[in-house]
Amino acid sequence: MTAVSPTPAAASLADWSCPLPLRDYPSIVMGHGGGGQLSAELVEHLFRPAFGGSDPAPLTDSAVLTLSGARIAYSTDSFVIKPLVFPGGTIGSLAVHGTINDLAMSGAMPVALSAGFILEEGLPMELLARIVNDMGAAARAAGVRIVTGDTKVVERGKGDGIYINTSGIGVVGAEVHIAPSRARAGDVVLVSGTIGDHGMAIMSQREGLEFETTIESDSAALHTLVAALLAAVPDVHVLRDPTRGGVASSLNEIAADAGVGIEVNEEHVPVRGPVRAACELLGLDPFFVANEGKLLAIVPPEAADQALAALRAHPLGSEAAIIGRVVREHPGMLVGRTGIGARRVITMQIGEQLPRIC
Amino acid sequence: MKYLTEFRDGAIAQRLAAEIRQITTKPWAIMEVCGGQTHSILRNGIDQLLPPEIELIHGPGCPVCVTPLEMIDKALAIAALPDVIFCSFGDMLRVPGSDRDLFRVKSEGGDVRIVYSPLDAVALARQHPTRQVVFFGIGFETTAPANAMAVHMAKREGLTNFSMLVSHVLVPPAIDAIMNAPANRVQAFLAAGHVCSVMGFWQYPPLATRHRVPIVITGFEPLDVLDGILRTVRQLEAGEHRVENAYERVVTFDGNLPAQQLLDEVFAESDRAWRGIGVIPRSGWRLSDAYADFDAEHRFDVRDITTVESARCRAGEVLQGAIKPTDCAAFGAECTPRTPLGATMVSTEGACAAYFNYGRVVQLERVRV
């Protein structure tokens, strides 16, 4: 390995960053929804050209619009998970938390949500009641109202019980400017707590994979944590909730958007013991596993300690940690410092993370 | 985690690496046989701690990489059948066949399922008596006992709707073939620890003697791999060629005898094609005559499917250590992890995918200089 001839590898980089549009799949495969490269290509090569027109605005999880002088964040998310009920939540609470968090990551204080239901014929009324009660409870706890909605029913066999879409709006303060492109060399990267909890909680319940565990989803609304962080450090550069594709995908996207490198110290990234063990067992990497109640924050170096203290003072950030920094080197790449003091490139996954055979 | 974190200690890793650097006086090419070891080397950056004289050659021990294209095409044909539930380990789903992969078959309506154990596939056969459940039985000696057990149970229970598409390969014949290849550069082997946990290591002393090559049974954690390399370099520098067991907490000389007994009953040795390498005599297992009814190749009559590999892909030479991935004209051009020509570019432990990602670090180091 040490004698790699560097020239051909360097020549390959252009191909890596700009693959031809959707060239090897004539129809949708599961990986297009995995939050990795295939998802990104779908947005880049199909959605953006179709929707974009002349406006170069990025199609991010949440948009900030200026309406009559007010800055309004707007976001939408669909929830198509199995199982519908999992340790630590249901599809209902997840649908509320997910959209609140998308809004919060632009620095917005969420105000109102919509709820769209696609129900499958035969869904037990009791289960639906549990899910919507859970939604209501999550929204009330977050201080956000569900103000409009829609219900459709599809034939038995044409859906997985229930799909939920939520959209939301929120208000962004005039002084808040959070965007991935604001990551600067020297900035410090923080995570608000342990990673991989949600993905492994779901995985532990999936058909054919059931394993006994105490892992619970971290599903939570993060807007009050964001508010506490912004109160302490108004100049937060980037916020991101590392959901599908995990911390690895989020940091790769930020590195690409800002044209910077990011380096993380793998040993500093908090991972709960049972999550680490389950990942070992299944051949998965916690860096790629989904979270639903964690945020990544990138802040100027002089504000790092204040940011860490503000996160740790909040119940949802008590295990927050500084995990890395933004660097000028290797733009567009995420590099991990491994436990034995070497380095590895952590690439974005292509589709879904696949369990390895051995 | 007990028995895991102890073998990832950064300070001890640095000490082992320093010792390797200290005793190395000449260039040595060492092949780690198993894909799991390759994964650990790259995941932890172990190669970066080694002196420039030591070259690690990624061997043919990634089952995903060596399963022949023809077998993938047979899997795709079976998986597309309407009454079939096709079960596979996860990372086989993205391996390209001639014109598509299992993900594509799934998107077109095929019932393709990821399972963690072949016994899950047997359970599916019990639950769905009107459908044919097929398990894609690939891998080395490590995965073989569970696969054998699945077929054994299906026979005992009289499950007529379970079968297995078998493409099992064996490590010792591969080592023999690599050492016999005229272009061989490999001077020592890290043998695959988990293969030896099943088979023991009684098969290896004749190989070490015949080819005058050190073979060190090696584990998978960073300290295991570094210890394996250290012992290998010691032998190489001293001109020795012994079999050493550096994975004593798991591997014994005899191995797992009940597992070997079951393997003897369910499987029979056969010639096997290795993707990119070609046929190696007596290098694999097929179902034995007593279990022939459970052979998916017979049940679905896919024996006529024959496939030729892309002439552009030189994965075979890579797997034998004859060339580096970067020597292949397709590498990084039409062949990338996103659009792989061969399986070595698919799996994260495939040599080409590893070089592709690692090559990006090489570029980064040059930027720093």
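A:S68 sits in the loop between β1 (62-67) and β2 of chain A. This is a good place to start, but keep in mind that the model is predicted. Phi of A:S68 is near 50°. That is a positive value, and the residue is not a glycine. Is A:S68 buried or exposed? It counts as exposed, because it has 5 C-beta neighbours inside 10 Å.

Stay in chain A and move along to the loop between β2 (70-79) and β3 (85-86). A:P83 is found there. A cis peptide bond links A:K82 to A:P83, with omega at about -5°.

Now look at A:H330. This residue lies in the loop between β12 (321-327) and β13 (334-337) of chain A. Its phi is near 35°, again a positive value in a residue other than glycine. What about its surroundings? A:H330 has 22 other C-beta atoms within 10 Å. A residue is buried if 20 or more such atoms lie within that distance, so A:H330 is buried.

Next comes a piece of architecture in chain A. Strand β5 covers residues 108-120. Helix α5 covers residues 125-142. Strand β6 covers residues 145-154. Together, β5(A), α5 of chain A and β6(A) make a right-handed β-α-β unit. In which sense do β5 of chain A and β6(A) pair? They pair in the parallel sense, over nine bridges. To find a bridge in the structure, go to A:F117; its bridge partner in β6(A) is A:T151. Strand β6 of chain A has ten residues, and the number buried is zero. The strand therefore lies largely in the open.

Step back to the domains of chain A. The assignment gives domain 1 (60-172) and domain 2 (180-345). Their centres are 23 Å apart, taken over C-alpha atoms. How many residues does each domain of chain A bring to the contact? Domain 1 of chain A gives 20 residues, and domain 2 of chain A gives 21. On the domain 1 side, α4 (91-104), β5 and α5 of chain A each supply at least two residues. The largest share of that side, seven residues, comes from α4(A). Sorted by class, the side of domain 1 of chain A that touches domain 2 of chain A has twelve nonpolar, seven polar and one charged residues.

Chain B can be read in a similar way. Begin with its overall form. Chain B has 15 helices and eleven strands. Its radius of gyration is 21 Å, close to the 21 Å that the globule rule gives for 369 residues, so chain B is as compact as a globular protein of that length. Its C-alpha atoms fill a box of roughly 65 × 45 × 45 Å along the principal axes. Buried residues make up 57% of the 369 residues in chain B. Now take the contacts in chain B with a separation of 6 or more. Of these, 78% are between residues 24 or more positions apart.

Chain B is also divided into two parts: domain 1 (1-313) and domain 2 (315-368). The centres of these domains are 20 Å apart, over C-alpha atoms. In the contact, 29 residues of domain 1 of chain B meet 20 residues of domain 2 of chain B. On the domain 1 side, β1 (28-34), α2 (35-44), β2 (54-61) and α3 (63-66) of chain B each supply at least two residues. Which element gives the largest share of that side? It is α2(B), with four residues. The residues of this side divide into 17 nonpolar, seven polar and five charged.

Two single residues round off the tour of chain B. B:A322 is placed in the loop between α14 (315-319) and α15 (351-368) of chain B. With 18 C-beta neighbours inside 10 Å, B:A322 counts as partly exposed. Leaving aside neighbours within four places in sequence, B:A322 is in contact with B:A181, B:A183 and B:E317. B:A322 and B:V186 are 136 residues apart in sequence, yet 8.8 Å apart in space, C-alpha to C-alpha.

B:T209 is the other residue. It is found in helix α10 (residues 204-211) of chain B. It counts as exposed, because it has 12 C-beta neighbours inside 10 Å. The C-alpha atoms of B:T209 and B:T67 are separated by 29 Å, with their places 142 residues apart along the chain.

Technical notes
Residues numbered from 1 in each chain as written. Chains lettered and ligands numbered in written order. Predicted model: local features only at pLDDT ≥ 70, side-chain atom pairs only at ≥ 80, totals over all residues. Domains from an automatic or database assignment. Contact = placed C-beta atoms within 7 Å. Nonpolar A, V, L, I, M, F, W, Y, C, P; charged D, E, K, R; others polar. Rg over C-alpha atoms; globule rule 2.2 N^0.38 Å. Pairing = 2+ DSSP bridges. Right-handed = clockwise from strand over helix to strand, strands pointing away.
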